[in-house]
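Hi,

Here is the structure I promised to pass on. Have a look through it first, and then read my notes below.

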Amino acid sequence: QVQLVESGGGLVQAGGSLRLSCAASGSTFRTNAMGWYRQAPGKQREWVAGITSGGNTSYADSVKGRFTISRDNAKNTVYLQMNSLKPDDTAVYYCNKVFVYLSRWSPLESWGQGTQVTVSS
């Protein structure tokens, strides 16, 4: 089972930026598609961005053009660069190993502790 540790969250003003990191255990990281998800208070967890093992990326419409997902296979780490943050981006952010099928990014592992992102207006 892959262990996932998210970090990099914090409090930022609207319009600001944050870079989240997700360190994953295991020797098969480079072969895994990875995704970022978020859960705002009182809402269901939602998919935000994904990256395949080959480096192809996909984004939810709500973050397209503002967020960038990337990966460093040598460090077993996936990143989420978040720019032009909005109060609606406030949530706990999680990463996960994912299965991609027909543009659906489905999480495969147990969730980590996540990292809190709070955007003030």
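Which residues form a nonpolar patch on the surface? They are Phe99, Tyr101, Leu102 and Leu108, and together they have about 480 Å² of accessible area. Bear in mind while you read that this is a predicted model. Phenylalanine 99 belongs to strand β9, which covers residues 91-101. Its relative accessibility is 47%, so phenylalanine 99 counts as partly exposed.

Next, the charged pairs. Side chains of opposite charge can pair when their charged atoms come close. The count here is 5 salt bridges, and three of them are worth going through.

Start with arginine 38 and glutamate 46, whose side chains meet at 2.7 Å, N to O. Arginine 38 has 6% relative accessibility and therefore counts as buried. Its partner glutamate 46 is partly exposed, with a relative accessible area of 37%.

Then there is the salt bridge between aspartate 89 and arginine 66, also listed at 2.7 Å from N to O. Aspartate 89 is in the loop between β8 (77-82) and β9, while arginine 66 is in the loop between β6 (57-59) and β7 (67-72), so this pair ties together parts that are 23 residues apart in sequence. Both ends are buried: aspartate 89 has 2% relative accessibility, and arginine 66 has a relative accessible area of 10%. If you colour the charged side chains, you can pick out how these pairs join up: Arg38, Glu46, Arg66 and Asp89 are linked in a network of salt bridges.

The third one is glutamate 109 with lysine 97, at 3.9 Å from N to O. This pair links distant parts of the chain, with glutamate 109 in the loop between β10 (104-107) and β11 (115-120) and lysine 97 in strand β9, 12 residues apart. Glutamate 109 and lysine 97 are buried.

Now for the rings. The structure holds 4 aromatic pairs. In one of them, tryptophan 47 and tryptophan 105 have ring centres 5.7 Å apart and planes at 15 degrees; planes under 30 degrees apart count as stacked, so this pair is stacked. It links distant parts of the chain, because tryptophan 47 lies in strand β5 (residues 46-51) and tryptophan 105 in strand β10, 58 residues apart. Tryptophan 105 counts as buried, at 10% relative accessibility.

Another pair is tyrosine 94 with tryptophan 111, where the ring centres are 5.7 Å apart and the planes are at 65 degrees, so the arrangement is edge-to-face. Tyrosine 94 sits in strand β9 and tryptophan 111 in the loop between β10 and β11, so the pair ties together parts that are 17 residues apart in sequence. Tyrosine 94 is buried at 11% relative accessibility, whereas tryptophan 111 is partly exposed, with a relative accessible area of 31%. Ring pairs also bring in Tyr37, which forms a cluster with Tyr94 and Trp111.

What sits over the ring of tyrosine 94? That is the charged end of arginine 45, 4.4 Å from the ring centre. The charged end of arginine 45 also sits over the ring of tryptophan 111, 3.9 Å from its centre.

Cheers

Note on methods. Residues numbered from 1 in each chain as written. Predicted model: local features only at pLDDT ≥ 70, side-chain atom pairs only at ≥ 80, totals over all residues. Heavy atoms only, no water. Patch = residues over 30% accessible without salt bridge, like charges linked within 9 Å, V, L, I, M, F, W, Y side chains within 5 Å. Areas by Shrake-Rupley, 256 points an atom, 1.4 Å probe, with all protein chains shown as cover. Salt bridge = Lys/Arg side-chain N within 4 Å of Asp/Glu carboxyl O. Helix = DSSP H or I, 4+ residues; strand = E, 2+ residues; numbered from the N terminus. Buried < 20%, exposed > 50% of the residue type's maximum accessible area, 1.4 Å probe, protein only. Phe/Tyr/Trp six-rings, centres within 6.5 Å; stacked < 30°, edge-to-face > 60°. Lys NZ or Arg CZ within 6 Å of the ring centre and 35° of its normal.
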